[in-house]
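Me: I've just opened this one and don't know my way around it. Can we go through it piece by piece?
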Amino acid sequence: MKLVYFDVSALLVMIILLAVVIYKKMLRGNINRYFLVLLCLSIVTTLVDIWAVMLDNGSAGYPYSKYIAHSLYLLLHNATTPVFILYCTALTDSWFVGKHRYLVKGLLWLPLSVVTVLMVINLRMPLIFYLDEAEHYSRGPWFPILYVLAAIYVAFGLVKVLKSWRYFDIGRWVALFSGIGFMMVASVVQFLLPELLVEMLAGALALLFILMMVQRPEELIDNETGLFTFTAFMNLMYHAENRSRNKKLILISVTNYKRIHMKLSFEQEKVLGFGLSDMLFEYTKNFHERAEIYHLHNGRFVVVLKEDEPSIVVVSIAKQIHEMMKKPFSVGTTEVELLPSVCMLKFPKDVGDADSLMHFIEDIGKNIRTDEVFFARDVFRKERYDILLEIDEILERAIRERKFKVYYQPIYSVDEQAFRTAEALIRLYDDKYGFIPPDLFIPAAEKSGAILQIGQIVLDQVCEFIASEEYRELGLHYIEVNMSVVQCMEENLVDEVMDTFDRHHVSAGDVNLEITETAVSDEQQVMDRNINNLFNEGVCFSLDDFGTGYSNIHRIASLPLSIIKLDKTLVDESGRQSMQIVIENTVKMIKALGMKIVVEGVETEQQLTQFISLRCDYIQGYYFSKPLPRDEFVEFLLDKAG
């Protein structure tokens, strides 16, 4: 009498695992697909085994049903091992490539083909199993061959996993080897004690371990879209880099995602995320195992294709995605206009390594190339990403060797028709890389805390300039100095600023401190206290980058701000009729609050005329001058005054 309880237990465990997989939306991508196939195949195999056992434990008779049930069970059971190999292949990204790939694929299915032939032969010559005189199932002389063939598959899978040992943490190692160990021990037990049907239960436990420790749905699957996560993507890229496996990527960035995020509710944003993921999946579903989609958050996605995918096909997919995403996207009753930036990239050929790729992806949203699909090789500048990898050392060296210089951009007063102020802008020159853009070193400095020292360097140089004889000849009212969010949150900010003024014999009114719109978007008690205390000491404040974030108008009105600076992004879009209405009403609101307006980024005479007609107070931009070193700035103002 065979014990069917082990199979029933295995079936219950597998059904629960299937429910978890469906609930967690682990249905897309090669790893998930092969795990799902392995799970479903195991469920069907267990059901067939239960059917066969029920026939064996019943009364004599039904010989044809017994032959069919046992033949089908052995065939399905042996089929699980090559599927497990394919799962390991997807997990380790070790797909069969090269000129011998078809031979290797054929060898993969050869043992299962042998099993199939043996089962067919067994119908006429009972060598694998037979029914005895009492019509009970009995093993034939060739039955051990099935175990040998299964052992070949297990060995093949172990080789694949062992070749990728460095890419797995201890948890995944334990799960994979525990699963394989369960199956090996169970196979030996069931071979020696046929009445103990423990193989399927061992398989169920192995699948449970793999789901918990290897699949890790919380790491691999993004709940917002059902796509793979950024963590899963970077792991794949590190694996590809270390294994010298080439990938073709389609990078997609919704460049106006930040603005869309601000106007959508949480539920609407989820609908948008699922809609975009479904669209991408629809366009790539014909590639089956050759395409995987990852959600990198903040409106960024990436489609990963195999190295042997023809370039013409990749370009076609990228163009279709680009055209589709340019169409208005409905989110309930709200219609959203997306500005997609789509870039094609060969990894690692185009960018070198996974770290540079990560920085390049972060920069994709800044490359506003929404007009057409572009290639990474046309815009990637390796030195930029080399800088990012060394930025902490560069900043430390620059502070130690005093490599920071302050440049000044003149600001035109509309009422006085002269240059009456200027903005101080930090510049960094490195002996190895030359001038390093502020958008590279400022975020890094804020992250490391070096911005506090850099801010002090800027304030010292500005105050030294203000205290000089040449400054007095320029007729400037004050110099604007940017304050980072990190500086604004410093407890001793007021004392440091006032001490700097005293040390250089500069009055508080000679400096106007700029804070960004982002800095005032949230309630910050320390920041508010610093701003108000400095204001009481005579320091004036400007709000920089107005129009780039979601403004808390109530907070802005409550702070002692003298000037609002309209960001260049508003100026760039000022030619659109709808944006003109926004700008006109924004100017009226700021004027009603009793604040002055500086317009940043003015580059054309048309823009100049437009903002002067709106009664803006100050104009800043390349139309008049780029930021200049101190000597050139002085020469520029003296020349204009003359």
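Me: Which residue in β5 does A291 stand opposite?
Reply: A291 stands opposite L305 in β5. Keep in mind that this is a predicted model.

Me: And E292, what is opposite that in β5?
Reply: V304 is the residue across from E292.

Me: In what sense do β4 and β5 pair, and over how many bridges?
Reply: The pairing of β4 with β5, residues 300-306, is antiparallel and has 6 bridges.

Me: How many of the residues of β4 are buried?
Reply: Strand β4 covers residues 291-297, and 6 of its 7 residues are buried, so the strand is mostly covered.

Me: What about H297, where is that found?
Reply: H297 is in strand β4. Its relative accessible area is 32%, which means it is partly exposed. The C-alpha atoms of H297 and F230 are separated by 7.7 Å, although the two residues are 67 apart along the chain.

Me: How many residues sit between the strands in the β4 and β5 hairpin?
Reply: There are 2 residues between the strands, and N298 takes a positive phi near 55° in that hairpin. N298 is a residue other than glycine, and it is found in the loop between β4 and β5.

Me: Is N298 buried or exposed?
Reply: N298 is exposed, at a relative accessible area of 54%.

Me: Where else is there a positive phi in a residue other than glycine?
Reply: R615 is one such residue, with phi near 65°. R615 lies in the loop between α25 (605-613) and β18 (618-620). Its relative accessibility is 65%, so R615 counts as exposed.

Me: Back to β4. What is the strand order of the open sheet?
Reply: The order is β4-β5-β3-β8-β9, an open sheet of 5 strands with mixed pairing. At the edges are β4 and β9 (374-375), and each has a single partner strand, so one side of each has no neighbour in the sheet.

Me: Which residues does the cis peptide bond join?
Reply: The cis peptide bond joins F347 and P348, with omega about 5°. P348 is placed in the loop between β8 (340-347) and α13 (354-364).

Me: Changing topic: β11. How much of that is buried?
Reply: Strand β11, residues 418-430, has 10 of its 13 residues buried, so the rest of the structure largely encloses it.

Me: What runs antiparallel to β11 with 10 bridges?
Reply: That is strand β10, residues 404-413. In this pair, S413 has A418 of β11 as its bridge partner. The hairpin of β10 and β11 has 4 residues between the strands, and Q417 takes a positive phi near 55° there.

Me: Which strand pairs with β11 in the parallel sense?
Reply: Strand β13, residues 478-482, pairs with β11 in the parallel sense over 4 bridges. A424 has V481 in β13 as its bridge partner.

Me: And β12, how is that joined to β11?
Reply: β11 and strand β12, residues 434-436, run antiparallel and are joined by 3 bridges. L428 stands opposite I436 in β12. The hairpin that joins β11 to β12 does so through 3 residues.

Me: Now helices. At what angle do α1 and α2 cross?
Reply: Helix α1 (residues 5-23) and helix α2 (residues 30-57) cross at roughly 155°, and their axes come within 10 Å. That makes α1 roughly antiparallel to α2. The crossing of the two is left-handed.

Me: What makes the contact?
Reply: From α1, the contributors include L11, M14, I15 and L18, and from α2 they include F35, L39, I43 and I50. By class, the contact of α1 with α2 has 16 nonpolar, 2 polar and 2 charged residues.

Me: What about α11 and α12, at what angle do they cross?
Reply: The axes of α11 (residues 266-284) and α12 (residues 311-325) come within 10 Å and cross at roughly 145°. This crossing is right-handed. The contact is made by L276, M279, L280, Y283 and T284 of α11 with I317, Q320, I321, M324 and M325 of α12. By class, that contact has 8 nonpolar, 2 polar and no charged residues.

Me: Last one: how many helices and strands has the protein chain?
Reply: The protein chain has 26 helices and 19 strands. Of its 642 residues, 50% are buried.

How values were computed:
Residues numbered from 1 in each chain as written. Predicted model: local features only at pLDDT ≥ 70, side-chain atom pairs only at ≥ 80, totals over all residues. Heavy atoms only, no water. Axes fitted to C-alpha atoms, helices over the stretch in contact; angles between N-to-C directions. Parallel < 35°, antiparallel > 145°, perpendicular 65-115°, else oblique. Left-handed = near helix turned anticlockwise from the far one by under 90°. Contact = heavy atoms within 4.5 Å. Nonpolar A, V, L, I, M, F, W, Y, C, P; charged D, E, K, R; others polar. Buried < 20%, exposed > 50% of the residue type's maximum accessible area, 1.4 Å probe, protein only. Pairing = 2+ DSSP bridges.
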